[in-house]
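This report goes through a sheet, a helix, two single residues and the empty spaces of one protein chain. The sequence and the model are shown first.

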Amino acid sequence: MDNSYEVLIVGGGPAGLSAALALGRMLRSVLICDDGRPRNLASSHANNLPSQDGIHPAQWRENARNDLKKYETIHFFDGSVQSIEKDGKAFKAKLSTGKVLAFRKVILAHGIKDKLPSTPGFQELWGKAVFHCPYCHGYEFRGKRLGFVGNGELAEHVLPMLLGLSGEVIVFTNGKAELSPEFQGLMRKRSVHLIEGKITSLVHRDGTLQAVEIEGGTSVERDALLLGPTLPFEMKAPLGESLGCEKTEMGLYKVAEFGKTTVPGVFAAGDIMTLLQSVLGAASLGQAAGAGTANELLIEDFAG
């Protein structure tokens with residue numbers, strides 16, 4: 001590695017790799033820092049990807065990294081970024097090796113941290129029979145016995161999507177329901193059961209969900225669960241907050257066009273700045289952030 005680069009990309013997932021591709025094609029020098037903790041680590045397939053639907057996420061990342069090998073200005077560091085500090089108009093970043101490097105721009109693409117219930121079974125089934133996105137994993141469980149774990153407005157938003165995949169859906173609010181009377185009336189019309197009891201465990205075997213155990217001894221057979229997020233979202237790294245990047249009420253970074261954060265020179269891409277969280281979506285937002293960053297660098301250089 002050199003002692004300085006034009007752009008630091010924190011995260012080697014779809015957003016970070018796509019940002020690097022855009023920058024590489026404009027001959028910008030980039031360091032991608034990847035600590036090997038992708039959000040979809042537990043998943044065996046990535047869907048909704050034209051020409052690569054169902055590919056293993058690790059294979060997708062390997063393919064994307066291979067694509068970047070022809071760009072001589074793109075470099076990789078397999079480790080984490082410990083801190084980033086503003087240094088005049090530039091930035092100084094400390095890597096997990098202790099080395100400090102200088103950059104003109106920063107793209108945050110490290111993703112968010114999924115907060116799973118401590119209830120037995122959720123961790124073991126995450127990415128297998130418990131998932132967070134109906135577009136990413138729902139098709140594989142079409143026509144099966146589905147459940148949604150969540151409450152409030154999120155449940156009202158997600159339930160119609162699950163009913164598009166299966167006619168047998170149960171809503172588990174895991175406590176007192178916070179659903180409007182109108183919505184509960186629609187649920188009854190569609191024969192959607194509501195269970196408010198606390199979930200005590202998920203019964204599973206060989207990575208498959210068997211049943212949802214409810215406080216009091218009730219056992220509800222299910223094949224898969226969609227788990228609503230715990231808000232606000234939690235960042236996988238606190239780097240943006242330490243730089244002063246503003247966040248929304250949901251915990252995502254506030255961004256303008258091309259993923260510009262509220263801190264000049266810092267861009268955000270992927271799951272950390274949108275509710276549309278998917279591999280393809282992250283790649284698209286990464287490309288936009290890479291193009292926006294390249295444009296800023298080129299205009300600055302042109303202006304001298």
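Contact here means that heavy atoms lie within 4.5 Å. The model is a predicted one.

**Helix α6**

With contact so defined, what covers the buried residues of α6? The cover includes α5, β10 and β11. Helix α6 spans residues 181-189, and its buried residues include Phe183, Gly185 and Met187. Just after α6, Ser191 has a positive phi of about 60°.

**The parallel sheet**

Two of the elements that cover α6, β10 and β11, are also strands of an open sheet. This sheet has five strands in the order β8-β15-β9-β10-β11, and the pairing is parallel. The edges are taken by β8 (130-131) and β11 (193-195). Each of these has a single partner strand, so one side of each has no neighbour in the sheet.

Strand β9 covers residues 146-149. Leu146 and Phe148 point to one side of β9, whereas Gly147 and Val149 point the other way. Are these four residues of β9 buried or exposed? All are buried.

On one hand, β9 pairs with β10 (residues 169-172) in the parallel sense, over four bridges. In this pair Gly147 is opposite Ile170 of β10. The chain gets from β9 to β10 by way of helix α5 (residues 152-163), in a right-handed β-α-β crossover. On the other hand, β9 pairs with β15 (residues 224-227), also in the parallel sense and over four bridges. There Ala224 of β15 is the bridge partner of Leu146.

Further along the sheet, β10 and β11 are joined by three bridges in the parallel sense. Phe172 stands opposite Ile195, which belongs to β11.

**Pockets and cavity**

The table gives the volume and the lining classes of three spaces.

| Space | Volume | Nonpolar residues | Polar residues | Charged residues |
|---|---|---|---|---|
| Largest pocket | about 1000 Å³ | 21 | eleven | six |
| Second largest pocket | about 780 Å³ | 20 | 19 | eight |
| Largest cavity | about 40 Å³ | five | one | one |

The largest pocket holds about 1000 Å³ of space. Its lining consists of 38 residues, and those closest to the centre are His132, Leu154, Val158, Pro229 and Phe233. Which element gives the most to this lining of the largest pocket? Helix α5 does, with five residues. At least two residues each come from β7 (112-113), α4 (134-137), β9, α5 and β15. Two of the sheet strands, β9 and β15, thus appear again in the lining of the largest pocket, and these two pair with each other.

The second largest pocket, of about 780 Å³, is lined by 47 residues. Nearest its centre lie Arg37, Pro38, Arg39, Asn40 and Lys236. Two or more lining residues are given by each of α1 (14-24), β4 (81-87), α4 and α8 (279-303). Helix α4 is named among the contributors to the largest pocket and to the second largest pocket.

How many cavities of 30 Å³ or more does a search of the whole structure find? The search finds one. The largest cavity is lined by Pro14, Asn40, Ala46, Pro57, Trp60, Arg61 and Val279. Helix α2 (residues 57-68) gives the most to this lining, with three residues. Asn40 lines the largest cavity and is also listed near the centre of the second largest pocket.

**Two single residues**

His137 is part of helix α4. The relative accessible area of His137 is 9%. Buried means under 20%, so His137, at 9%, counts as buried. Apart from neighbours within four places in sequence, His137 is in contact with Ser43, His45, Gly127 and Phe131.

Glu215 sits in the loop between β13 (208-214) and β14 (218-221). Its relative accessible area is 54%. The cut-off for exposed is over 50%, so Glu215, at 54%, is exposed. Which residues does Glu215 contact, leaving aside neighbours within four places in sequence? They are Lys198 and Thr200. Lys198 is 17 residues from Glu215 in sequence, while their C-alpha atoms are 5.4 Å apart in space.

Technical notes: Residues are numbered from 1 along each chain as its sequence is written. This is a predicted model: local features need pLDDT of at least 70, side-chain atom pairs count only at pLDDT 80 or more; totals for chains, interfaces and linings use all residues. Side-chain values use heavy atoms; hydrogens and water are left out. Buried means under 20% relative accessible area, exposed over 50%, partly exposed in between (1.4 Å probe, protein chains only). Two strands pair if DSSP finds at least two bridges between them. A crossover is right-handed if, with the strands pointing away from the viewer, the path from the first strand over the helix to the second runs clockwise. On a 1 Å grid over the protein atoms alone, a cavity is a set of points where a 1.4 Å probe fits but cannot get out, and a pocket is an open set with protein on both sides within 12 Å along at least five of seven lines; lining residues have an atom within 4 Å of a point. Grid points are joined across faces, edges and corners, and a volume is the space filled by probe spheres set on the points. Ala, Val, Leu, Ile, Met, Phe, Trp, Tyr, Cys and Pro count as nonpolar, Asp, Glu, Lys and Arg as charged, and the others, Gly among them, as polar.
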